[in-house]
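User: Please go through the labels used for this structure and set each one against its definition.

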Amino acid sequence: MSRPGFLLSPWPWRAVGYLLTGALAGVVALVGILGAVAVGGALAIVLVGLPLLVVVALAGIPVAWAERHRLRLIDRDPAPDWHREPTAGGLWPWLTTRLREQATWRELGYALLFAGLLWPVDALAITVGLLYPLAMVATPLLMATVGGGRETKVLKAWTVTDWPTAFGIAVLGLFAVVLGAYVLGVAAGARAELTRLLIAPREGDLGAKVVELTRSRVRLVDAFEAERQRIERDLHDGAQQRLVALTMTLGLARLDVPPGPLADQLAKAHEEAGKALAELRELIHGIHPKVLTDYGLEAAVADAADRSVVPVDVDLELDGRLPRAVESAAYFVVCEALANIAKHSGASRAEVTGSHRDGRLFLQVCDDGRGGAEAGAGTGLTGLADRVSVLDGRLSLSSPPGGPTLLRVEFPCERTDRCA
């Protein structure tokens, strides 16, 4: 409306269409609600239960459906339908789903407000903003046709008996038409915003998007963990077994070959195959260790501590299994932290402690190294924070120069009933 071309754009006409259809739709809604009350009352006489309440409660659904479509006249953003899909087909599941939804009762409240108050406001806005100015513009025409050129009534309020006055009122009417276009724009915008607030709130749309994003993130995490386990299983059952067979074959070949250049080549090949097998086993441990899947986080952390270059004390009190995604992320954090300690801290000893209480998993990894760890210093702390945040967890780091370094991680989770 603040743009210079507003009067020449379709928006004034769209506002007129929105308010005019609102007035007509409001009359239809009023008649429909009164009819629903009559039908529900008649059913209440015949049937046992609350048919009146049910019929009236459902009366808001078609009204809201029509209003969402009418909003397109004045609002570019689509108005979503917040009704859920029934869990099964048929009338009864649909009815029970609708009666349990908050959206159904919001729409009923809007329908009652629309039928009782809003449509007269729409009609009043059309009358004041459009019909009165047009009646003023038509004063000379009315005087020439209805009044026989002698006199006419202006808005049924005062009488005009001469042509100069009639044309003066017509000019005033043109200014009133321009002003009325803005009045109608404001009224239509306010009505549309009120309608959206009651039946399709924007914050509800944002909340739904946040919920869907959260769910999709959880699904991605689960899919990622399932893929990691599949890769680990394929490597363990496929490539690793082939390397073991190759190593055994080379070892047996060394026993059958007399000393010489060929024996030396076989010994070298046997040694390289052993190194490849060791590296593959380390890779499998890094992807998703079997001990984590079979025995849980405590056993996996203890295994990672045994394989650490720096001596590590482990004190975990979990008393049960945790969700797979949480166990995998916590294990990843511990392994990355221990790798950082071995590479960057110069520590002589480290400690991993943790517990599960109040629906949250708490982990701490500390060392007696030189400290000074920073998130942007290439130590992988940014990746750790990202991995933790995916599961709505929190990561904090305390690493003053000179040490010690303390890494705290917290995950919201509940224990599961998975067997070891």
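Analyst: Buried means under 20% relative accessible area, exposed means over 50%, and partly exposed covers what lies in between, with a 1.4 Å probe and protein chains only. This is a predicted model, in which local features need pLDDT of at least 70 and side-chain atom pairs count only at pLDDT 80 or more, while totals for chains, interfaces and linings use all residues. Residues are numbered from 1 along each chain as its sequence is written, and side-chain values use heavy atoms, with hydrogens and water left out.

User: Why is Phe 332 called partly exposed?

Analyst: Phe 332 has a relative accessible area of 27%, and since partly exposed is the range between 20% and 50%, the residue is therefore given that label. Phe 332 is placed in helix α12, where helices (H or I, at least four residues) and strands (E, at least two) are DSSP runs numbered from the N terminus.

User: What is Phe 332 in contact with, leaving aside its neighbours within four places in sequence?

Analyst: Contact means heavy atoms within 4.5 Å, and on that criterion Phe 332 is in contact with Leu 384 and Arg 387. Phe 332 and Arg 387 are 55 residues apart in sequence, yet their C-alpha atoms are 8.6 Å apart in space.

User: Why does Thr 97 count as buried?

Analyst: The relative accessibility of Thr 97 is 11%, which is under 20%, so Thr 97 counts as buried. Thr 97 lies in helix α4 (residues 91-100) and touches Arg 84 and Pro 86, when residues up to four places away in sequence are not counted. For the protein chain, 36% of the 420 residues count as buried.

User: Why are α3 and α7 called oblique to each other?

Analyst: Helix α3 (residues 60-70) and helix α7 (residues 163-199) pack at an angle of about 135 degrees, with their axes 11 Å apart; axes are lines fitted to C-alpha atoms, for helices over the stretch in contact, and angles run from 0 to 180 degrees between N-to-C directions. Angles under 35 degrees count as roughly parallel, over 145 as roughly antiparallel, 65 to 115 as roughly perpendicular and the rest as oblique, and α3 and α7 are therefore oblique to each other.

User: Which residues of α3 and α7 meet?

Analyst: Ala 64, Glu 67, Arg 68 and Arg 70 in α3 meet Arg 191, Thr 195 and Ile 199 in α7.

User: How do you know which strands are at the edge of the open sheet?

Analyst: Two strands pair if DSSP finds at least two bridges between them. The open sheet has 5 strands in the order β3-β4-β5-β7-β6, with mixed pairing, and its edge strands are β3 (312-317) and β6 (394-398), each of which pairs on one side only. The twist averages 10 degrees from one strand to the next.

User: What makes β3 and β4, or β6 and β7, count as paired?

Analyst: β3 and strand β4 (residues 350-357) pair in the parallel sense over 6 bridges, with Val 312 opposite Ala 350 in β4. Strands β6 and β7 run antiparallel and are joined by 5 bridges, with Leu 395 opposite Val 409 in β7. Since at least two bridges are required, each pair therefore meets the definition. β6 and β7 also form a hairpin with 6 residues between them, and Gly 402 in the turn has a positive phi of about 95 degrees.

User: Which helices lie across these strands?

Analyst: Helix α12 (residues 324-345) lies across β3, β4, β5 (360-367) and β7 (405-412), running at about 10 degrees to β5. Helix α13 (residues 381-390) lies across β6 and β7, running at about 150 degrees to β6.
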